[in-house]
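Student: I would like to learn how to read a structural model feature by feature. Could you give me the general idea each time and then turn to the case in front of us?

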Amino acid sequence: LAVDTRGVGGSTDGDSVGTQPQQSPRQRIIVATGCLPIRVDSDKKTFELAEGGVNRALRTLKEVELVGYVDAPYADWKWIKEELKKINWHPVFLPKEVGDVYYQ
């Protein structure tokens, strides 16, 4: 899925005074996956990114955003979300009883 995230600019007609031309479009790719490839260590408040060619490649591309389920206790959701945001990954959290049904 490619999303046009065109910036907001002013009019581009030559008659307008004090306007700026629109920014060129920036494409980004959003990848929805069943589970984000991470392992959470709640005791240490850390996580490991799974290694592999596709995961490594996705992390190097700034225009790629990854969305997927993360199996973690509710108490860890905030710090996990903040850390993953730094690499453009977006966790989806579910209550344990729901996650266990679909992802275990």
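Tutor: Let us begin with surface, where accessible areas come from the Shrake-Rupley method with a 1.4 Å probe. The model shown here is predicted, and the accessible surface of its chain comes to about 7500 Å², of which 53% belongs to carbon and sulfur atoms.

Student: What share of the residues counts as buried?

Tutor: A residue is called buried under 20% relative accessible area and exposed over 50%, with partly exposed in between. In this chain of 104 residues, 21% count as buried.

Student: How many helices and strands does the chain have, and in what order do the elements run?

Tutor: The chain has three helices and six strands, and the order of its elements, read from the N terminus, is β-β-β-β-α-β-α-β-α. As for how contacts span the sequence, if one takes those between residues at least 6 apart, 54% of them join residues at least 24 apart.

Student: Could we look at contacts of that kind in detail? Where does arginine 28 lie, and which side chain does a polar contact join to that of arginine 28?

Tutor: Arginine 28 belongs to strand 2, which covers residues 27-35, and its side chain is joined to that of glutamate 65 by a polar contact of 2.9 Å. Glutamate 65, for its part, sits in strand 5, made of residues 64-69, and so the contact runs between residues of strand 2 and strand 5.

Student: Is each of the two partners buried, partly exposed or exposed?

Tutor: Arginine 28 has a relative accessibility of 21% and therefore counts as partly exposed, whereas glutamate 65, at 13%, counts as buried. If neighbours within four places in sequence are left aside, glutamate 65 is in contact with Arg28, Ile29, Ile30, Val31, Asn88 and His90. The backbone can be read in a similar way: the C-alpha atoms of arginine 28 and lysine 62 are separated by 8.3 Å, although these residues are 34 apart along the chain.

Student: What is the C-alpha separation of cysteine 35 and tyrosine 69?

Tutor: Those two C-alpha atoms are 4.3 Å apart, and the residues are again separated by 34 places along the chain. Cysteine 35 is also placed in strand 2, and it counts as partly exposed because its relative accessibility is 36%. Apart from residues up to four places away in sequence, cysteine 35 touches Tyr69 and Tyr103.

Student: Tyr103 brings me to aromatic residues. How many aromatic pairs does a search of the whole structure find?

Tutor: The search finds three aromatic pairs. One of them is formed by phenylalanine 47 and tryptophan 79, whose rings are stacked, at 6.3 Å centre to centre and with 20 degrees between the planes. Since phenylalanine 47 lies in strand 4 (residues 46-49) and tryptophan 79 in helix 2 (residues 77-85), this pair ties together parts that are 32 residues apart in sequence. Phenylalanine 47 is partly exposed, at 22% relative accessible area, while tryptophan 79 is buried, at 14%.

Student: Why is the pair of tyrosine 74 and tryptophan 77 called edge-to-face?

Tutor: What decides the name is the angle between the planes, and over 60 degrees a pair counts as edge-to-face. The rings of tyrosine 74 and tryptophan 77 have centres 4.9 Å apart and planes at 65 degrees, so this pair is edge-to-face. Tyrosine 74 counts as exposed because its relative accessibility is 65%, and ring pairs link Tyr74, Trp77 and Phe93 into a cluster.

Student: Which side chain makes a polar contact with that of tryptophan 79?

Tutor: That partner is aspartate 76, with a polar contact of 3.1 Å between the two side chains. Aspartate 76 lies in the loop between strand 5 and helix 2 and, at 3% relative accessibility, counts as buried. Beyond residues up to four places away in sequence, aspartate 76 touches Val40, Ser42 and Lys45.

Student: Finally, which residues make the nonpolar surface patch?

Tutor: Val98, Val101, Tyr102 and Tyr103 make a nonpolar surface patch of about 410 Å². Tyrosine 102, one of these residues, is in helix 3, which comprises residues 96-103, and it is exposed, with a relative accessible area of 63%.

Key
Residues numbered from 1 in each chain as written. Predicted model: local features only at pLDDT ≥ 70, side-chain atom pairs only at ≥ 80, totals over all residues. Heavy atoms only, no water. Patch = residues over 30% accessible without salt bridge, like charges linked within 9 Å, V, L, I, M, F, W, Y side chains within 5 Å. Salt bridge = Lys/Arg side-chain N within 4 Å of Asp/Glu carboxyl O. Helix = DSSP H or I, 4+ residues; strand = E, 2+ residues; numbered from the N terminus. Buried < 20%, exposed > 50% of the residue type's maximum accessible area, 1.4 Å probe, protein only. Phe/Tyr/Trp six-rings, centres within 6.5 Å; stacked < 30°, edge-to-face > 60°. Polar contact = N/O pair within 3.5 Å; in protein donor to acceptor, adjacent residues only side chain to side chain. Contact = heavy atoms within 4.5 Å.
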